Amino acid sequence: MRRSFSAFTSAATASLLAVFMLSACVEGPEGPAGPQGEQGATGAAGADGADANSGCVDCHVDDTRIVTKHLQWEASLHGSGGHSELAGYQASCAGCHSHEGFIDRMESGLEFADSTFAAPSPPNCRTCHKIHTTYTGADFDRQYNESHDLWLTGTTVDFGDGNLCAQCHQPRTSYDIPVLGGGDVTITSSRFGPHHGPQGAILQGDAGYEVGGISYPTTPHFHGQVAVNTKGCVTCHMAPGFGDQAGGHTMEMWWNFFGSDTPNTAGCATSGCHANTADWETLGYDGFDYKNYQTSIENLILAIQDKLITAGIVDPADDGFTSIHDVGGAIAGTYTEAVIGAYWNYITVLEDRSLGVHNPPYVLALLTNTLAALP
């Protein structure tokens with residue numbers, strides 16, 4: 001028993017000694033510093049990291065501004081896809097129908113992307129904004145927003161904050177505008193026309209077949225015409241709207257309010273150009289039919305459409321429209337200059353999809369002269 005107890009006390013003493021030594025090691029005075037490590041190749045010490053609070057919190061704050069923008073964007077045609085799958089089909093589509101293609105095209109300075117993309121993404125925050133470039137609020141600034149030349153005509157446009165929009169919303173060079181005095185024209189494709197986004201050219205008062213007649217005035221809707229509107233497209237399409245249905249990053253101009261379609265006229269009023277929103281209906285304007293421009297333009301389109309059906313370039317089944325997707329495109333054949341020019345203007349105004357709102361006086365003159373020139 002004595003020997004066993006002695007072994008136990010010896011073991012206990014050793015354990016206590018180990019704990020004491022460990023405690024002394026952990027809690028004892030700090031030893032001398034080791035030698036300095038080798039410096040980098042330049043011999044200079046590295047710079048201190050930036051304080052995240054000096055930049056990141058410009059955007060990443062405890063409110064819902066980013067959440068709201070995401071919700072609006074996802075409800076938009078751009079955010080829901082905008083046919084981004086076309087980016088994997090051909091490079092000529094990728095440049096506007098996908099984020100990857102757009103960046104590729106803008107960096108190269110060409111009209112089309114250099115390649116297709118197997119897994120394209122829709123346009124997104126990084127397509128338009130300088131996300132995580134400076135890690136400050138400046139990253140919300142738009143990129144590629146300088147004035148630029150339209151592909152088809154070479155006309156320089158400057159829509160202020162809308163310059164980025166016109167990088168894609170402009171006629172493509174697939175087909176030429178019919179030439180005044182050029183004579184008969186043969187077309188071989190149903191896609192003859194400016195493609196699906198001529199809004200920038202319409203806003204500028206450009207890219208129409210301008211046959212003689214009444215003069216061609218243009219609109220004050222872009223900032224080059226009136227100093228009060230420095231934001232161009234953004235003034236109306238990104239004005240305060242209604243949830244994720246209209247305005248903001250939806251860019252939609254209508255919302256549905258308990259079954260009733262409601263126009264978002266906030267931009268029309270706040271831009272200082274038109275009567276305030278409360279007076280809009282009092283003055284008798286139906287939606288965006290300011291001074292009956294839309295009604296007049298729709299009547300002209302239908303009258304031109306009838307003549308184009310007679311000329312054989314438009315299918316008789318296309319006896320009405322709400323957008324270009326309701327018509328079948330041009331019927332291949334050889335046509336007189338008046339007919340081919342009329343078709344160009346007709347399809348351009350349809351593709352604009354605003355019934356002239358983007359440039360009412362120009363579109364009204366364009367279609368009035370077009371109808372008068374047709375047999």
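User: Before we start, what makes something a polar contact here?

Analyst: A polar contact is a pair of N or O atoms within 3.5 Å, where one must be able to donate a hydrogen and the other to accept it. Keep in mind that we're looking at a predicted model.

User: Okay, so why do the side chains of Asn-369 and Tyr-216 count as making a polar contact?

Analyst: Their distance is 3.0 Å, and the cut-off is within 3.5 Å. So the pair of Asn-369 and Tyr-216 qualifies as a polar contact.

User: Where does Asn-369 sit, and what else is it in contact with?

Analyst: You'll find Asn-369 in helix H13. Leaving aside neighbours within four places in sequence, Asn-369 is in contact with Val-211, Gly-212, Gly-213, Ile-214 and Tyr-216.

User: Why is Asn-369 called buried?

Analyst: Asn-369 has 3% relative accessibility, and buried means under 20%. That's why Asn-369 counts as buried.

User: Which other residues of H13 are buried?

Analyst: Quite a list! Besides Asn-369, H13 has Pro-360, Pro-361, Tyr-362, Val-363, Ala-365, Leu-366, Leu-367 and Thr-370 as buried residues. The buried residues of this helix pack against H7, H11 and H12.

User: How do you know that the length of H13 fits its number of residues?

Analyst: Set what's expected against what's there. With 1.5 Å a residue, 14 residues should span 20 Å. The end C-alpha atoms of H13 are 20 Å apart, so the two agree.

User: Which residues are at the heart of the contacts in the largest nonpolar core?

Analyst: That core has 30 residues, and Leu-308, Ile-313, Tyr-343, Tyr-346 and Leu-367 touch the most other members. Helices H11 (293–311), H12 (337–352) and H13 (360–373) are the elements that give two or more residues to this core. H12 gives the most, with nine residues.

User: What does Tyr-343 touch?

Analyst: Not counting residues up to four places away in sequence, Tyr-343 touches Ser-190, Phe-192, Leu-308, Ile-313, Val-314, Gly-329 and Ala-330. There's also a second, separate core of seven residues, including Val-157, Ala-166, Ala-201 and Ala-207.

User: Now the rings. How many aromatic pairs are there, and why is the one between Tyr-175 and Phe-192 called edge-to-face?

Analyst: The structure holds 10 aromatic pairs. For Tyr-175 and Phe-192, the ring centres are 5.6 Å apart and the planes are at 65 degrees. Centres within 6.5 Å make a pair, and planes over 60 degrees apart count as edge-to-face. So this pair of Tyr-175 and Phe-192 is edge-to-face. The pair links distant parts of the chain, 17 residues apart: Tyr-175 is in the loop between helix H6 (163–166) and strand E3 (185–187), while Phe-192 is in the loop between E3 and helix H7 (199–204).

User: Are those two rings buried or exposed, or something in between?

Analyst: Tyr-175 has a relative accessible area of 25%, which falls between the cut-offs of 20% and 50%, so Tyr-175 is partly exposed. Phe-192 comes in at 7%, under the 20% limit, so Phe-192 is buried.

User: What makes Phe-192 and Trp-344 an edge-to-face pair too?

Analyst: Here the ring centres are 5.7 Å apart and the planes are at 65 degrees. That angle is over 60, so the pair is edge-to-face. Trp-344 is in helix H12, 152 residues away from Phe-192. At 0% relative accessibility, Trp-344 is buried. Ring pairs link Tyr-175, Phe-192, Tyr-343, Trp-344 and Tyr-346 into a cluster.

User: What makes the phi of Lys-291 worth a look?

Analyst: Most residues other than glycine have a negative phi. Lys-291 is not a glycine, yet its phi is positive, at about 55 degrees. Lys-291 is in the loop between helix H10 (277–280) and H11. With a relative accessible area of 55%, Lys-291 passes the 50% mark, so Lys-291 is exposed.

User: And what about Arg-353, how do you know that it is partly exposed?

Analyst: Arg-353 has a relative accessible area of 43%, which is between 20% and 50%, so Arg-353 is partly exposed. Arg-353 is in the loop between H12 and H13, and this residue also has a positive phi, about 65 degrees, although it is not a glycine.

Terms used: Residues are numbered from 1 along each chain as its sequence is written. This is a predicted model: local features need pLDDT of at least 70, side-chain atom pairs count only at pLDDT 80 or more; totals for chains, interfaces and linings use all residues. Side-chain values use heavy atoms; hydrogens and water are left out. A nonpolar core is a set of buried Ala, Val, Leu, Ile, Met, Phe, Trp, Tyr and Cys residues joined through side-chain atoms within 4.5 Å. Buried means under 20% relative accessible area, exposed over 50%, partly exposed in between (1.4 Å probe, protein chains only). Helices (H or I, at least four residues) and strands (E, at least two) are DSSP runs, numbered from the N terminus. Contact means heavy atoms within 4.5 Å. Rings of Phe, Tyr and Trp (its six-membered ring) pair if their centres lie within 6.5 Å; planes under 30 degrees apart count as stacked, over 60 as edge-to-face and the rest as tilted. The expected span of a helix is 1.5 Å times one less than its number of residues.
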